[in-house]
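Thanks for coming, everyone. I'll walk through one model today, so have a look at it on the screen while I talk.

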Amino acid sequence: MAYKYYNRNRYCRICSGQVKEEDVTYKDPAILKKFMSERGKIKSRNRTGNCAKHQRKVAREIKRARMIGLLPFKVDYYRSKRNRRW
Ligand SMILES: [Zn+2]
C-alpha cells in the first residue's frame with residue numbers, strides 16, 4: 001500500500017469529514033481497519049494524521065472491537081509471507 005505517498009498533505013480525516021465521526025465505532029470494523037496496519041496494529045498518529053482527540057477515539061473503538069472479537073489483536077503475517085522481515 002503506497003500510503004506514504006498519496007497522503008502527503010495530512011489532515012485529520014475525521015475533522016475534515018472524509019470519515020464521519022459517528023462511523024468510527026466498534027460496531028463498524030471496516031472503518032476501523034483503515035486506521036490499522038496490515039498486522040492488526042493501531043496506526044500511529046504519525047501515519048494517520050489524526051488529531052489527538054480523534055486518535056484517542058479511534059484507539060478506544062478499536063480496543064472495544066477487539067474485546068468483542070470483531071477485530072484481531074494481531075495478524076500473524078509471518079506465516080503467510082515467510083520471507084518478510086519485521
Ligand atoms: Zn480530528
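Let me begin with a small one: where is tyrosine 11 found? Tyrosine 11 sits in the loop between α1, residues 3–6, and α2, residues 29–33. Keep in mind that this is a predicted model. Is tyrosine 11 buried or exposed? Exposed, because tyrosine 11 has 12 C-beta neighbours inside 10 Å, and a residue with 12 or fewer goes into that class. Even so, tyrosine 11 has some company: leaving out residues up to four places away in sequence, it touches Ser16 and Gly49. And cysteine 51, which is 40 residues away along the chain, has its C-alpha atom 7.9 Å from that of tyrosine 11.

Okay, the overall layout. The protein chain has five helices and zero strands, so from the N terminus on you just read α-α-α-α-α. Buried residues are 15% of the 86 residues. If you take contacts between residues at least 6 apart in sequence, 65% of them join residues at least 24 apart.

How much do we trust it? The average pLDDT for the chain is 84, and 77% of the residues score at least 70. Among the elements, α4 has the highest mean pLDDT, 96, while α1 has the lowest, 54. As a general caution, where pLDDT is low, the predicted coordinates should not be read in detail.

So let's spend our time on α4. This helix has 16 residues, and from its first C-alpha to its last it reaches 23 Å, close to the 22 Å expected at 1.5 Å a residue. Which residues of α4 are buried? They are His54, Gln55, Val58, Glu61, Ile62 and Ala65. Looking down the axis of α4, the buried residues fall within an arc of 135 degrees, so they line one face of the helix. The general rule behind that kind of pattern is that an α-helix has 3.6 residues a turn, so residues three or four places apart point the same way.

What covers those buried residues of α4? The cover includes α2 and α3, the latter being residues 45–48. Over on the other side of α4, the exposed residues are Ala52, Lys53, Arg56, Arg60 and Met67. Take methionine 67 from that list: it counts as exposed because it has 11 C-beta neighbours inside 10 Å. Its C-alpha is 9.6 Å from that of tyrosine 26, with the two positions 41 residues apart in sequence numbering. After α4 comes glycine 69, which has a positive phi, near 85 degrees.

Now the core. Which residues make up the largest nonpolar core? There are eight: Ile14, Val24, Leu32, Phe35, Val58, Ile62, Ala65 and Leu71. Helix α4, residues 52–67, supplies the largest share of this core, three residues. In general, nonpolar side chains tend to be buried together in soluble globular proteins. Isoleucine 62 is a nice one to click on: not counting residues up to four places away, it touches Leu32, Phe35, Met36, Ile42 and Leu71.

Next to look at is proline 29, in helix α2. What does proline 29 touch, not counting residues up to four places away in sequence? Ala65, Leu70 and Leu71. Two of those names, Ala65 and Leu71, you just heard in the core list. The C-alpha atoms of proline 29 and leucine 70 are 6.4 Å apart in space, although the two are 41 residues apart in sequence. Proline 29 itself is partly exposed, because 18 other C-beta atoms lie within 10 Å.

Last stop, valine 75, in the loop between α4 and α5, residues 77–80. Valine 75 is partly exposed too, with 15 other C-beta atoms within 10 Å. Setting aside neighbours within four places in sequence, valine 75 is in contact with Glu38, Arg39 and Gly40. From valine 75 to glutamate 38 the C-alpha separation is 7.3 Å, for residues 37 apart along the chain.

If you take one picture away, make it α4: its buried residues line one face, and it gives the largest nonpolar core three residues.

Note on methods. Residues are numbered from 1 along each chain as its sequence is written. This is a predicted model: local features need pLDDT of at least 70, side-chain atom pairs count only at pLDDT 80 or more; totals for chains, interfaces and linings use all residues. A nonpolar core is a set of buried Ala, Val, Leu, Ile, Met, Phe, Trp, Tyr and Cys residues joined through C-beta atoms within 7 Å. A residue is buried if 20 or more other C-beta atoms lie within 10 Å of its own, exposed if 12 or fewer, and partly exposed in between; C-beta atoms are placed from the backbone. Helices (H or I, at least four residues) and strands (E, at least two) are DSSP runs, numbered from the N terminus. Two residues are in contact if their C-beta atoms, placed from the backbone, lie within 7 Å. The expected span of a helix is 1.5 Å times one less than its number of residues. The arc is that of the directions from the helix axis to the C-beta atoms. pLDDT is the predictor's confidence in each residue, from 0 to 100.
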